[in-house]
Amino acid sequence: MKLARKIEEKFFKALMFLSTVFILIILAIIIYSIFEKGLKSISWEMITQIPQGGYYYGKGGGILNAILGSLTLAFGATALAFIIGLPVALYLNVFLVRHKKVITIIRFLLDLIWGIPSIVYGAFGFSLMILLGLQTSLLAGILTVTLFILPIMIRSMDEILSTVPIGLQEASYSLGSNKSETAFKIMTRQTVSGIITAILLSFGRAIGDAASVLFTAGYTDHLPNGLLEPVATLPLSIFFQLSSPVAEVQNRAYASALVLTLIILLVSLFSRGLGKRYHKTKINF
Amino acid sequence: MEHETKIEIRDLNVFAGKNQILKNINIDIPKNKITVILGPSGCGKTTLLKCMNRLTDLYPELKVSGRIMIDNNNILAAKEDIYKLRQQMGLLSQRPYPLPMTIYNNIAYALKLRGIKKRREIHKLVLHYLQQANLWDEVRDRMREPAVRLSIGQQQRLCLARGLAVNPEIILADEPTSALDPISSQFIEETFSKLKNDYTIVLVTHILRQAKRIANHVVFMYLGEVIEQGSVEEVFGNPKMEKTKLYLGGTFN
């Protein structure tokens with residue numbers, strides 16, 4: 001008996017260890033290949049200039065159009081999704097508590113649309129544009145990406161809000177808070193670090209997706225120039241550079257991927273730091 | 001000895017699905033006294049307490065019927081403003097739940113809900129309630145720290161101060177010392193004994209000695225029913241029902 005338990009323990013420990021190592025190695029290979037190919041062609045010029053004529057055939061210029069485009073689009077979509085998503089998540093966890101079946105159905109639907117591929121959102125966004133009379137533009141891109149990241153935004157905030165102990169909610173109500181006070185002043189505060197994670201996940205998804213912006217935000221070699229003009233995005237920029245027959249341009253694609261990775265890294269470090277600062281004042285029993 | 005009744009519970013029944021949690025409860029809770037609801041775990045004490053400030057509304061599975069009259073007002077009636085109603089009562093739960101904000105703001109939040117807006121007034125009252133809950137001396141230099149940094153015993157007294165800050169007439173306490181060390185428990189008990197002059201206190205507990213120490217009025221419950229109620233001398237000194245005798249004798253719990 002004792003021996004069996006020991007073997008079991010060893011086996012699962014080894015299994016966990018190996019899985020973790022496996023994932024880390026894969027990650028390291030991806031990051032290595034981005035750095036290895038990207039570092040060769042990354043330059044100051046590349047991140048401060050827009051593409052010049054013939055850029056995709058090896059002429060000079062950079063991808064500033066895509067960097068700024070991606071940033072505006074992702075920030076815009078994340079902000080919009082947050083503004084819509086937080087009330088939804090709070091509504092599920094504060095106002096609908098008496099209707100468990102409705103909550104289950106809504107959660108199920110959100111999980112379902114979470115799995116829809118982004119190209120479908122792109123197509124949907126495109127038909128929406130026709131309906132609204134919009135052309136490919138930053139606005140259309142933001143709207144489509146917002147729809148695309150809303151399920152992840154809502155569900156991850158919903159998950160964290162559902163961990164708020166019922167005792168804390170009772171404490172809030174017992175003081176005479178109404179439901180919106182409990183939602184915004186107590187529940188949201190209690191889960192700040194989790195909500196930051198939700199925003200971060202959504203931002204990562206928003207800035208990294210190519211298919212949803214292909215038909216909706218379009219592409220341009222110019223800098224973002226207003227909500228109704230098309231914008232370039234990094235994933236599409238990477239795609240176009242990779243499809244170039246010129247090896248040098250293909251390497252620039254890796255440099256662009258490097259830039260994208262660094263943006264995500266910076267944004268997540270920044271918001272982690274923010275969350276941690278808040279957390280430090282929170283945990284301590 | 002006659003005294004004024006503050007809370008009158010009549011024909012209270014609570015169902016969770018087919019399961020009846022409270023059966024035909026009739027209790028009179030005297031004003032400005034400590035009423036202890038005593039009984040083994042799972043006998044419906046906590047549910048009874050939650051009925052009194054309508055926290056039962058948060059649990060869709062609970063069906064509540066009957067009447068709970070506070071100052072001749074049926075609080076179970078649908079038209080009651082439950083947010084106002086809850087401010088008539090301070091709640092102390094089994095374990096403390098400080099709000100996710102500073103020590104100072106835990107109290108100030110309750111004061112603001114009460115409609116107090118002037119900063120000086122708030123300052124004065126925060127100090128007042130912390131003193132009343134026997135916590136001021138320990139936290140006077142830590143007002144801007146998050147409340148969760150306090151020890152559990154301190155947190156529970158903070159929650160008491162917060163409960164008092166809504167200016168209630170009634171204090172509902174649900175085994176408030178069960179998670180605390182002996183010294184903090186003693187603090188809470190002493191505070192209750194002081195507070196009973198101004199407040200009607202309903203304390204749920206399964207600790208016999210605690211009930212004996214601080215109760216004026218005792219309600220003994222078993223499996224969702226009130227078995228016996230009366231003054232502490234009656235119930236402890238001369239219990240009438242067989243089940244009460246057994247419980248007080250420590251034969252079952």
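Domain bounds here come from an automatic or database domain assignment. In this predicted model, that assignment divides chain A into domain 1 (2-41) and domain 2 (55-280). The C-alpha centres of domain 1 of chain A and domain 2 of chain A lie 29 Å apart. The two domains of chain A touch through six residues of domain 1 and eight residues of domain 2. On the side of domain 1 of chain A that touches domain 2, two residues are nonpolar, two are polar and two are charged.

Chain A is built from helices. It has 12 helices and zero strands. Read from the N terminus, the order of elements is α-α-α-α-α-α-α-α-α-α-α-α. The C-alpha trace of chain A spans about 65 × 60 × 35 Å along its principal axes. Chain A has 285 residues, and 38% of them count as buried. Contacts in chain A were also sorted by distance along the sequence. Among those with a separation of 6 or more, 75% join residues that are 24 or more positions apart.

Confidence in chain A was examined next. The mean pLDDT of chain A is 90. A pLDDT of 70 or more is reached by 96% of the residues of chain A. Residues 281-285 of chain A have a pLDDT below 50. This stretch of chain A has six contacts in the model beyond near neighbours in sequence.

Helix 9 of chain A offers a check on geometry. This helix covers residues 192-208, which makes 17 residues. At 1.5 Å a residue, helix 9 of chain A should span 24 Å. Its end C-alpha atoms are 24 Å apart, so the expected span and the model agree. Several residues of helix 9 of chain A are buried, including A:Ile195, A:Ile196, A:Ala198 and A:Ile199. Further along helix 9, A:Ser202, A:Phe203, A:Arg205, A:Ala206 and A:Ile207 are buried as well.

Chain A also meets chain B. In this interface, 22 residues of chain A are in contact with 22 residues of chain B. On the chain A side, the elements that give two or more residues are helix 7 (166-174) and helix 8 (179-190) of chain A. Helix 7 of chain A supplies the largest share, eight residues. By class, the side of chain A that touches chain B holds seven nonpolar, 10 polar and five charged residues.

Chain B contains strands. Strands of a sheet pair through backbone hydrogen bonds, either parallel or antiparallel. Four strands of chain B form an open sheet in the order 2-1-4-5, with antiparallel pairing. The edges of this sheet are strand 2 (19-30) and strand 5 (73-74) of chain B, each of which pairs on one side only. Strand 1 (residues 5-16) of chain B pairs with strand 2 of chain B in the antiparallel sense over eight bridges. One bridge links B:Ala16 to B:Asn19 in strand 2 of chain B.

Strand 3 of chain B pairs in the parallel sense. It covers residues 34-38 and is mostly covered, with five of its five residues buried. On one side of strand 3 of chain B, B:Ile34, B:Val36 and B:Leu38 are buried. On the other side, B:Thr35 and B:Ile37 are buried, and both faces are thus covered. Strand 3 of chain B pairs with strand 8 (residues 200-205) of chain B over five bridges, in the parallel sense. Strand 3 of chain B also pairs with strand 9 (residues 217-222) of chain B, in the parallel sense over four bridges. B:Ile37 has a partner in each of these strands. B:Ile37 stands opposite B:Val204 in strand 8 of chain B, and the bridge partner of B:Ile37 in strand 9 of chain B is B:Val219.

Backbone angles in two loops of chain B complete the description. Most residues other than glycine have a negative phi. B:Asn167 has a positive phi, near 60°. B:Asn167 lies in the loop between helix 6 (152-165) and strand 7 (170-174) of chain B. B:Asn167 counts as partly exposed because it has 14 C-beta neighbours inside 10 Å. B:Glu175 also has a positive phi, near 40°. The place of B:Glu175 is the loop between strand 7 and helix 7 (182-195) of chain B. B:Glu175 has 21 C-beta neighbours inside 10 Å and therefore counts as buried; the cut-off for a buried residue is 20 or more.

Notes: Residues numbered from 1 in each chain as written. Chains lettered and ligands numbered in written order. Predicted model: local features only at pLDDT ≥ 70, side-chain atom pairs only at ≥ 80, totals over all residues. Contact = placed C-beta atoms within 7 Å. Nonpolar A, V, L, I, M, F, W, Y, C, P; charged D, E, K, R; others polar. pLDDT = per-residue confidence, 0-100. Expected span 1.5 Å × (residues − 1). Buried ≥ 20, exposed ≤ 12 C-beta atoms within 10 Å, placed from the backbone. Pairing = 2+ DSSP bridges.
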